[in-house]
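Visitor: I am new to reading protein models and would like to learn by asking about one. Could you take me through what is shown below?

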Amino acid sequence: MFFDTHAHVNFNAFKDDGEEVLRRSLENGMNVVNVGSQYSTSKRAVEYAHKFENLGTKSPLGDLVPKFSAGGVYAAIGIHPVHLKKGSFTHQDPWEIDEEDESASSAGREIPTVGETFDYAKYLDLARDEKTIAIGEVGLDYHHFEEGDDIDFLKNLQKETLLKFIQLANEVQKPMMFHCWDAYADLLEILTNFPVTKKGIVHSFIGSYKTANKFIALGYNLGLNGIITYGDGYDRLIKEVDLKNIVLETDCPYLTPRPLEKGTRNEPLFVNHVAQKIADVKGISIEEVAKITSQNAKEILGL
Ligand SMILES: [Zn+2]
C-alpha cells in the first residue's frame with residue numbers, strides 16, 4: 001500500500017480530527033510520516049507516532065496480530081527554514097498561483113513564523129526517539145524572502161542551521177528530509193561537502209530531471225506530491241527519473257492533488273492521486289507505483 005513520506009497531520013489544520021485522519025490512513029494499510037517544521041510540531045509528531053504504536057492486538061492463539069494489515073505512523077523532526085525568521089509568509093499552492101482567474105487574496109494564506117533558534121540538545125532528545133525516522137524538514141528556502149529582508153543574513157542562518165542538523169542526523173545515524181525552494185545548487189553543494197551518512201529525501205521536488213539526477217547520484221530519493229498533478233509541467237521529470245528513486249508524499253494539509261476539488265484539505269489517503277499520475281505518465285499500473293515507492297521509502301527511512 002501507499003507510503004506518505006511527508007504529512008503534517010501534526011499541524012493545526014487537523015487539531016480536531018488528526019487521530020481520526022491517521023486511523024483511516026492506517027485502516028487502509030498506509031504508512032505515514034508526520035513532519036515537524038518547528039520544535040512544537042516536531043514534538044507533536046513524535047507524540048502522535050507513539051499514540052499509534054500499540055495498535056497491535058493479541059489473537060486468541062496468543063500471536064501478536066497487527067490490527068491493520070500494514071502501516072504505521074512515524075515522525076520527522078526539524079525546523080523549516082522559513083521558521084528561522086520571525087514574522088510571516090504568504091502560502092500559496094502552485095495551482096492557485098497559476099490560475100489567474102482566482103483572486104490572489106483568497107488564495108494566499110498568511111502563515112506566522114516563529115523565529116526559532118536551533119537548540120541542539122532539545123532536538124537531540126527528539127532525534128533519538130525510536131519513532132523518529134528522519135531529521136527534517138530542514139533546508140533552504142530562498143523563495144519566501146520578502147522586501148526588507150536581510151537576504152545574506154537569512155541565507156547564512158539557513159545554511160548554518162542546516163549544517164547543525166546534518167551533524168545531528170549523523171550523530172543519531174538517521175536520514176534527512178529536505179525542504180528546498182529556489183536553492184537546489186546550494187543544497188547540492190552542502191550535501192557534497194558535508195555528506196549525510198544515511199542520505200534521505202528531497203521533499204516536494206520541483207526541479208528539472210537534470211537536477212534530480214544530481215541528487216540521485218548523491219544517494220537521495222525525490223518526494224513527489226500533488227504539484228505533479230496540476231498539469232504536465234513535471235511529466236518529463238516523471239518519465240526520466242527511475243521509479244526506484246521516487247517516494248510519494250502529500251505535504252497535507254497543503255497541495256491537494258487533482259482531480260480533487262481545489263480548497264479541499266489534503267490528507268494522507270489522497271496520495272493515491274499522486275501515484276495515479278505517475279502511473280499514467282510512466283504507463284505502468286498504480287499497484288506497481290505503490291509497491292516500488294513504498295519499498296523505496298522503507299529502504300531510505302531504514303524501516
Ligand atoms: Zn512540509
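Visitor: Which residues of helix α1 are buried?

Guide: This is a predicted model, and in it helix α1 covers residues 18–27. A residue is called buried here if 20 or more other C-beta atoms lie within 10 Å of its own. In α1 that description fits Gly-18, Val-21, Leu-22, Ser-25 and Leu-26.

Visitor: Within what arc do the buried residues of α1 fall, seen down the axis?

Guide: Looking down the axis of α1, one finds that its buried residues line one face of the helix. Among the elements that cover these buried residues are β2 (31–35), α2 (39–51) and β5 (72–77). The buried residues line one face because they fall within an arc of 135°.

Visitor: What value does phi take at Gly-29?

Guide: Gly-29 comes just after α1, and its phi is positive. The value is about 75°.

Visitor: In what order do the strands of the open sheet stand?

Guide: The protein has 11 helices and 12 strands, and an open sheet is built from 8 strands with parallel pairing. In general, strands of a sheet pair through backbone hydrogen bonds, either parallel or antiparallel. Here the order is β1-β2-β5-β8-β9-β10-β11-β12.

Visitor: Which strands stand at the edges, and why is one side of each left without a neighbour in the sheet?

Guide: Each edge strand has a single partner strand, so one side of it is left without a neighbour in the sheet. Neighbouring strands of this sheet are turned by 30° against each other on average, direction ignored. The strands at the edges are β1 (3–7) and β12 (246–248).

Visitor: Which residue is the bridge partner of Phe-3 in β2?

Guide: Strands β1 and β2 pair in the parallel sense over 3 bridges. All 5 of the 5 residues of β2 are buried, with Asn-31, Val-33 and Val-35 on one side and Val-32 and Asn-34 on the other. The partner of Phe-3 in β2 is Asn-31.

Visitor: Over how many bridges do β8 and β9 pair?

Guide: Strand β8, residues 132–141, is mostly covered, with 10 of its 10 residues buried. It is joined to β5 by 3 bridges, and these two strands run parallel; Ala-75 has Thr-132 of β8 as its bridge partner. With β9 (residues 176–181), where Ile-135 stands opposite Met-176 and Leu-140 has Cys-180 as its bridge partner, β8 pairs in the parallel sense over 5 bridges.

Visitor: How are α5 and α6 placed relative to each other?

Guide: The axes of α5 (residues 120–128) and α6 (residues 151–172) come within 10 Å and cross at roughly 40°, and α5 passes α6 in a right-handed crossing. The contact is made by Tyr-120, Tyr-123, Leu-124, Ala-127 and Arg-128 of α5 together with Lys-164, Leu-168 and Val-172 of α6. Angles under 35 degrees count as roughly parallel and those from 65 to 115 as roughly perpendicular, and the two helices are therefore oblique to each other.

Visitor: Is Gln-173 buried or exposed?

Guide: Gln-173 is in the loop between α6 and β9, and it has a positive phi of about 55° although it is not a glycine. A residue counts as exposed if 12 or fewer other C-beta atoms lie within 10 Å of its own. Gln-173 has 11 such atoms, so it is exposed.

Visitor: What does Asp-182 count as, with 14 C-beta neighbours inside 10 Å?

Guide: Asp-182 is found in the loop between β9 and α7 (184–193), and its phi, about 60°, is positive although it is not a glycine. Between the cut-offs of 12 or fewer for exposed and 20 or more for buried lies the partly exposed class. With 14 C-beta neighbours inside 10 Å, Asp-182 is therefore partly exposed.

Visitor: Where is Pro-259 placed?

Guide: The peptide bond from Arg-258 to Pro-259 is cis, with omega near 10°. The bond from Cys-252 to Pro-253 is cis, with omega near 10°, and Pro-253 is found in the loop between β12 and α10 (271–282). The place of Pro-259 is in the loop between β12 and α10.

How values were computed. Residues are numbered from 1 along each chain as its sequence is written. This is a predicted model: local features need pLDDT of at least 70, side-chain atom pairs count only at pLDDT 80 or more; totals for chains, interfaces and linings use all residues. Helices (H or I, at least four residues) and strands (E, at least two) are DSSP runs, numbered from the N terminus. Two strands pair if DSSP finds at least two bridges between them. Axes are lines fitted to C-alpha atoms, for helices over the stretch in contact, and angles run from 0 to 180 degrees between N-to-C directions. The arc is that of the directions from the helix axis to the C-beta atoms. Two residues are in contact if their C-beta atoms, placed from the backbone, lie within 7 Å. Angles under 35 degrees count as roughly parallel, over 145 as roughly antiparallel, 65 to 115 as roughly perpendicular and the rest as oblique. A crossing is left-handed if the near helix is turned anticlockwise from the far one by less than a right angle, and right-handed if clockwise.
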